[in-house]
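Student: I would like to learn how to read an interface, a sheet and some salt bridges in a structure file. Could we take them in turn?

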Amino acid sequence: MNNRLGNGWGSRIDRNASMAFTFEGRPVTAHPGDTIASALAANGEWVLSRSFKYHRPRGVLTMAGQDANTLVQIGDEANVRADLREAAQGMAVTPLNVSGSLRRDRGRIIDRLGRFLPVGFYYRTFFGPGKNSWLKLWEPIIRASAGLGTVSLTPARRHYAKETRHCDLLVVGAGPAGLAAAITAAKAGADVILVEKEPELGGALTYARFDANAADAACKLAELRDKAAAAGITVLTGATCNGRFADNWMPVLQGDRLIRIRAAELVLATGAHEQPLIFRNNDLPGVMLSSAAQRLMRHYGVRPGQRAVVYAGDRDGYLAALDLDDAGVRIAAVVDPETEDRDGLSDVLIQRGLTVMRGCRITEAQGNRGGLHLKSVEIRDDNGTATSLDCDLLVVAGGYTPGYQLALHAGARLTSDDSGTRFSITGMPPHVHLAGAAAGLSDLGAVVASGEIAGTRAAAGLGLLPAQDLPAPVQARWRRAVPSQAHPKGRDFVDFDEDLQVKDIENAIADGYRELELIKRYSTVGMGPSQGRHAALATARIVARKTARSLAEVGITTSRPPFGPEKLGLLADTTPERYRHTALHAVHQAAGARMSPVGAWWRPLAYPGTAPMSDAIRREIRLVREAVGMLDVSTLGKLELRGKDAATFLDRIYTMAHARQPVGRVRYCLALNEMGSILDDGVAYRLAEDHFYVTATTGAVERLYAEMMLQKTLWGMEVDIQNVTAAFAAINLTGPHAREVLQRLPGSIDFTREGFAYLDGRSGELAGCPVRAMRIGFTGELSYELHLPQSHAPALWAALAQAGAEPYGLEASRMLRLEKGHIIIGQDTDALSTPDELDMGWALSRKKPFHVGKAATEQRRAMGRKRQLCGFVLPGGNDAGIGESSLVLSNGQPIGHVTSFGHSPTLGKWIGLAYAAPEDAKPGSQIRLRGFSATEIKAPVVALPFYDADNTRQEI
Amino acid sequence: MTALAAPARSWPLDHRLPLLKGWPTDDRNRMLDLSPLPRLGLRGPGTSAWLAGQGCPLPETIHRSAGTEGMTILRLGAEEVVILSDPLADPDRLTRLQQDWQATTGPKGFDAYRDEGWCWLCLSGPAISDALPLLTAIDTRPNAFGLGTVVQTRALHMDAVLVRTDRGGVPSVDILFDVASSGFAADFIADVLPGFEMGRLVR
């Protein structure tokens, strides 16, 4: 079937080209510019989906993406609005909520069982017949049959973009009011962004005639478009403004792009939403809003039906009838509930030979076999006399509600008169302006004028125009609407999404729910994809009638963002995961390192080559113990402290004495917080009287730096503190042959044992690179930590390699330091760890009157320790499955846990650190450990360090 | 002792971006890594006085830049600047400034190590105005972020300093940020600005 109209109709399609897609496997031809729904309609396919609860056939209602009837699936993309999505060659479109085929859906049987499914039935059913019936029987059935689209577990990759824009004025809606507002403000010098969800500017001017003479609207459309093009406005079409947040922060969705816009001023020209009519079988395919019929004809050149009945609940019904007549659609009758001609258009229709039935209303629509399409309507007059008219199209002009959603997001209130025909939005916040049909206007002249006023007010708010006392927009006559009446046989839908009938709302009230918000939650009215656009007003009217209250007293449920559906991809953080590389990253990769993330940094775990990791780690440990290895420690935190108070500051921040630390010496640093818990550790190298270079752990440097900046400000000290972690690379050269390697390289530093003692620091040149060298110990072997500007690091690394050093990784480093009994902050410490618990009382200066955490440390010492970190070994193998986090028990209760653990190739046994009860933590005692296999064993406690207790190896 | 080659400096994007022979003269959209080019960061007491004593025109207010003798001086604080060499000019003045600073013994501010700690990218081309909203949330319209404006903000999902430079009359913005995130930044820009060609310059 070909439902295309001739030339002169179809402003959005290109008749010179064609394409094809499939719908439920059936081929469908389309023109470029067609939406899926318009192409299907042109091909005579009017059923698009099955409804949520009763599986009733549904078709075009709004042609504006404002209803759920047109939701379809395209490949792995679920819940696509067919009346908005452009058709494309090769698309595979399938309907939703169908069991079997769309026309012979097996779920349609539910429609006959409606009496057993009253409102809220799910609160009272599915609890039997047995105790577990819900979980074992009903829930699987409901889960399989519920939901709309199908989510693919292997979706195709999509690219979502996010950007942020700023403007002086954002205008939402490019109908006549929005265009007028944007043009006016742009002419005054404002930087304007105009957002329109349709693919072209003009709003209702693109499909509605506004008057008997359609040429006026066409002229106005052309005029406004020309002015907009000349005004330098930034136009975003196919873009939906999905909410309004504080200070005019607006999310605009344009395809797979999220545009966040901050606007100084905002004009809401969001139009109005046409309302459906409530009568029996008002959901049949072939029943559509007047604006839907006009969009089909004017935008897509599709004949909406062969023989139409038009319900003229307001003036737009007459105008739609004129359009249908112009398109050659036979009109059986125009049905007007009013007995008088209030619109002055009756004669125009009669002169064309059309029939106008006054004082009548639609009471029922009848469908063809299977209810797949409308075939006739029943009309009753005020006396109750019924007339049946054959038709395949019922066009409904049921009145409007303003596009109030964004205004309510902004904090405004929506009120109406008692008949629900005249609305007002009040309480608009500053810098937000309303225009056009959203402000309750319908006359084209008034709509345009209101847009110009809104644009002027916005420009005045920007200081581009003087503030003016502008006249209020002309309040033209609003459209009338007829109250809904229940049909004794039901199927008179209030909410198409949720399949809720008038009696469902009435029964909810009878069940005891009087307030609109409770009725909404009990019945789910307004909670479907349409979000109450077509149900809110009708529901409020029913509630008012049944509870003997005015509409004003009942109110209308509020609106919150989002305005329309949002893909999760638009909301998700789609940025690549942040990573940081040291200057030696490429070198490690070239050497075959196994890299691993440590926070945002990537570090080499080991350099296995083709060997198993465990073999590589053992080899690297042996390398350090017997020869010389080098480890990239560039991720260590590094802080420059400079200024006359640098030494005094360090004395206050850290626990050890730094004020009299000699220049050229390195000292261990332990930082506590105000609670006396360990914050971080590192070393401080004094380069000059007023210059310290301080290291910190990779994970805590940001926290430590923030704490230092706070304390510096509180203490009012003259010290410049800079986080130079990324500016400096660092290489730890360690092993009995470390000194020889350094002495092979040209440089200005004396690396002899006499010239460079343990805990000395030297600055100079090494292999042509400027370095700060510190002789410290972490592995227990002779060690030098070489810090240098990061751009020089690859050159120095290469020089060290050429001089005989080999790389080792983090895994070996962890075991080496464990053998030496050194703690790792954050692994062997937690938020409560005190120096006493770690036997680090030696790091607390007794002479300093103050350091951060001193008072708390002393107070906590007086309270006594509940736990103690100690070293332990396993007497044999590790059959018990002991590992890090294994519990330490005392009298059968957990008292601590294992913090570090592993097999030491140097010592040939399993070693570890653990928190235990203080009385158990003494060398010579035993602690009870529970392995991951739930086996408990006793482990001897030994003195630390496990390796080289006399420090002879690291101080050679 | 083994003879060693003269050490060269290395930058994170060396292995990734093609080396250009000179500053491009066309107006294609580009991201250039300028990290190896000379720059000097100073901070702390004495900074502004020392620069004034050297005859360097310090921008009067914070968050402005000033150009002189092949340098662009960005004022980041009352006593903090970063000085970028102009890729289109001779870097001798900046080199002499660095040498003079090293030789000064009195108050002169502290070396902020900006020649090491920051990656320096330049985005240029006619698509800059459409590109910037994808990189940062600040207002990048010309009236808010015009020539000579310096912004310390978030861009590329990290802390960054942005300055509008418009070199050679071509719209351009320089971005300075954590050098360890150079690879991440290049990945991000390649993802959101696929039409931008990438390259690097050395001195």
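Tutor: Begin with the interface. Chain B and chain A bury about 3,300 Å² between them, with carbon and sulfur atoms giving 55% of that area. Keep in mind that this is a predicted model.

Student: Why start from an area?

Tutor: The size of an interface is often given as the accessible area lost when the parts come together. Here the contact involves 45 residues of chain A and 37 residues of chain B.

Student: How many salt bridges are there between chain B and chain A?

Tutor: There are five salt bridges between the two chains. One pairs A:Arg578 with B:Asp178, where the closest N and O atoms are 3.7 Å apart. The interface also has 23 residue pairs in polar contact, both residues being at pLDDT 80 or more.

Student: Which elements give two or more residues to the side of chain B that touches chain A?

Tutor: Strand 6 (110-111), helix 3 (114-117), helix 4 (128-135) and helix 5 (182-192) of chain B do. Helix 5 of chain B gives the most, with five residues. By residue type, this side of chain B divides into 17 nonpolar, nine polar and 11 charged.

Student: Do salt bridges always come as separate pairs, or what else should I look for?

Tutor: Look for networks as well. In this model A:Glu640, A:Arg642, A:Asp720, A:Arg772, B:Arg43, B:Glu80 and B:Arg114 are linked in a network of salt bridges. Over all chains the structure holds 75 salt bridges.

Student: How should I read a salt bridge within one chain?

Tutor: Ask where each partner sits. A:Lys220 and A:Glu223 form a salt bridge with the closest N and O atoms 3.4 Å apart. Both lie in helix 4 (residues 214-230) of chain A, three residues apart, about one turn of the helix. A:Lys220 is partly exposed at 21% relative accessibility, and A:Glu223 is partly exposed at 31%.

Student: Where do the partners A:Asp256 and A:Lys567 lie?

Tutor: Their closest N and O atoms are 3.3 Å apart in a salt bridge. A:Asp256 is in the loop between strand 12 (249-254) and strand 13 (257-268) of chain A, and A:Lys567 is in the loop between helix 13 (551-554) and helix 14 (568-571) of chain A, so the pair ties together parts that are 311 residues apart in sequence.

Student: Is A:Lys854 buried or exposed?

Tutor: A:Lys854 counts as buried because its relative accessibility is 16%, and the cut-off for buried is under 20%. Its salt-bridge partner, at 3.5 Å from N to O, is A:Glu858, which counts as partly exposed at 41%. The two are four residues apart in helix 22 (residues 854-863) of chain A, about one helical turn.

Student: Now the sheet. What holds strands together?

Tutor: Strands of a sheet pair through backbone hydrogen bonds, either parallel or antiparallel. Chain A has an open sheet of six strands in the order 38-39-40-37-31-41, with mixed pairing.

Student: Which strands stand at the edges?

Tutor: Strand 38 (761-766) and strand 41 (806-807) of chain A do; each has a single partner strand, so one side of each is left without a neighbour in the sheet. Strand 41 of chain A runs parallel to strand 31 (residues 629-632) of chain A, and two bridges join them. In this pairing A:Met630 stands opposite A:Pro807.

Key
Residues numbered from 1 in each chain as written. Chains lettered and ligands numbered in written order. Predicted model: local features only at pLDDT ≥ 70, side-chain atom pairs only at ≥ 80, totals over all residues. Heavy atoms only, no water. Pairing = 2+ DSSP bridges. Contact = heavy atoms within 4.5 Å. Buried area = accessible area lost by both parts, 1.4 Å probe. Salt bridge = Lys/Arg side-chain N within 4 Å of Asp/Glu carboxyl O. Polar contact = N/O pair within 3.5 Å; in protein donor to acceptor, adjacent residues only side chain to side chain. Nonpolar A, V, L, I, M, F, W, Y, C, P; charged D, E, K, R; others polar. Buried < 20%, exposed > 50% of the residue type's maximum accessible area, 1.4 Å probe, protein only.
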